Amino acid sequence: MSQPKIAIVMGSDSDWKTLSPAKDVLVEFGFEPVVEVLSAHRTPQRMISWAEHAAEAGIAVIIAGAGGAAHLPGMIASVTSLPVIGVPVSLANLDGMDSLLSIVQMPAGVPVATVAIDGAKNAALLALRILGAQDQTLRQKLDQYRVSLADSVAEKNQKLKSSL
Ligand code: RP5
């Protein structure tokens, strides 16, 4: 069976600096994501068409980032039953609160799993956890990752103490 794909989509190429940490995490875990700029308000038909065909294109999880009146993740989730993870992108004016509330406050029936403002790294880790539920090898890699986080805290602890 071929590897399930993870997509990273965003409202503009200006979002890439926020979304690219998701790609770095996915590549670290052996996934080369599908990357696409899709605008909910500038290219609504293309966005809908892409999302409607995502499952048949082999995509298993969609990470969708947008800023401002960030309707991209919710609109995508309205036309596919694939899991959608929303990343609120912070813009200059409202520090990402606008994006956060636009993405997180989905009415019941159409879920979007929302991560923190600019939380692309966690979006990727959540996508991997979703796939890892059915993939023991991937789950073991995620286990190792958690252990490495614990190790890094031990190192920080040591470093701080030796600097005192
Ligand atoms: C949103 O508008 C995008 O997701 C981006 O965060 C924001 C600004 O887009 P650009 O003006 O940089 O194209 O749709």
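1. Start with phenylalanine 29. Leaving aside neighbours within four places in sequence, phenylalanine 29 is in contact (heavy atoms within 4.5 Å) with Leu125, Leu128, Leu138, Lys141, Leu142 and Tyr145.

2. A word on what we are looking at. This is a predicted model, where local features need pLDDT of at least 70 and side-chain atom pairs count only at pLDDT 80 or more, while totals for chains, interfaces and linings use all residues. Residues are numbered from 1 along each chain as its sequence is written, and side-chain values use heavy atoms, with hydrogens and water left out.

3. Back to the interior. The largest nonpolar core (buried Ala, Val, Leu, Ile, Met, Phe, Trp, Tyr and Cys residues joined through side-chain atoms within 4.5 Å; buried means under 20% relative accessible area, exposed over 50%, partly exposed in between, with a 1.4 Å probe and protein chains only) has 26 residues. Those touching the most other members are Ile6, Leu19, Leu26, Phe29, Phe31, Ile63 and Leu128. At least two residues of this core come from each of β1 (5-10), α1 (16-28), β3 (59-67), β4 (84-89), α5 (120-132) and α6 (136-163). Helices (H or I, at least four residues) and strands (E, at least two) are DSSP runs, numbered from the N terminus. The top contributor is α5, with 7 residues. There is also a second, separate core of 20 residues, including Ala51, Ala54, Ala66 and Ala77.

4. Now the sheet. It is open, with 5 strands in the order β2-β1-β3-β4-β5 and parallel pairing; two strands count as paired if DSSP finds at least two bridges between them. At the edges sit β2 (34-37) and β5, each pairing on one side only. Between the parallel β1 and β3 there are 6 bridges, and methionine 10 stands opposite glycine 65 in β3.

5. Two helices to check against the sheet. Helix α2 (residues 44-53) packs on the sheet and touches β1, β2 and β3, its direction making about 160 degrees with that of β2. Likewise, α4 packs on the sheet, touching β3, β4 and β5, and its direction makes about 160 degrees with that of β4. Axes here are lines fitted to C-alpha atoms, for helices over the stretch in contact, and angles run from 0 to 180 degrees between N-to-C directions.

6. Salt bridges (a side-chain nitrogen of Lys or Arg within 4 Å of a carboxyl oxygen of Asp or Glu): the whole structure has 3. Glutamate 36 meets arginine 46 at 3.4 Å, N to O. Because glutamate 36 lies in strand β2 and arginine 46 in helix α2, this pair ties together parts that are 10 residues apart in sequence. Aspartate 143 and arginine 146 pair at 3.1 Å; both lie in helix α6, 3 residues apart, about one turn of the helix. Glutamate 32 and lysine 23 meet at 3.5 Å; glutamate 32 counts as exposed at 55% relative accessibility, whereas lysine 23 is partly exposed at 26%.

7. Finally, two backbone spots to look at. Most residues other than glycine have a negative phi. Aspartate 95 has phi near 60 degrees, a positive value, and lies in the loop between β4 and α4 (97-104). At 58% relative accessibility, aspartate 95 counts as exposed. Aspartate 118 has a positive phi of about 65 degrees and is found in the loop between β5 (113-114) and α5. With 34% relative accessibility, aspartate 118 is partly exposed.
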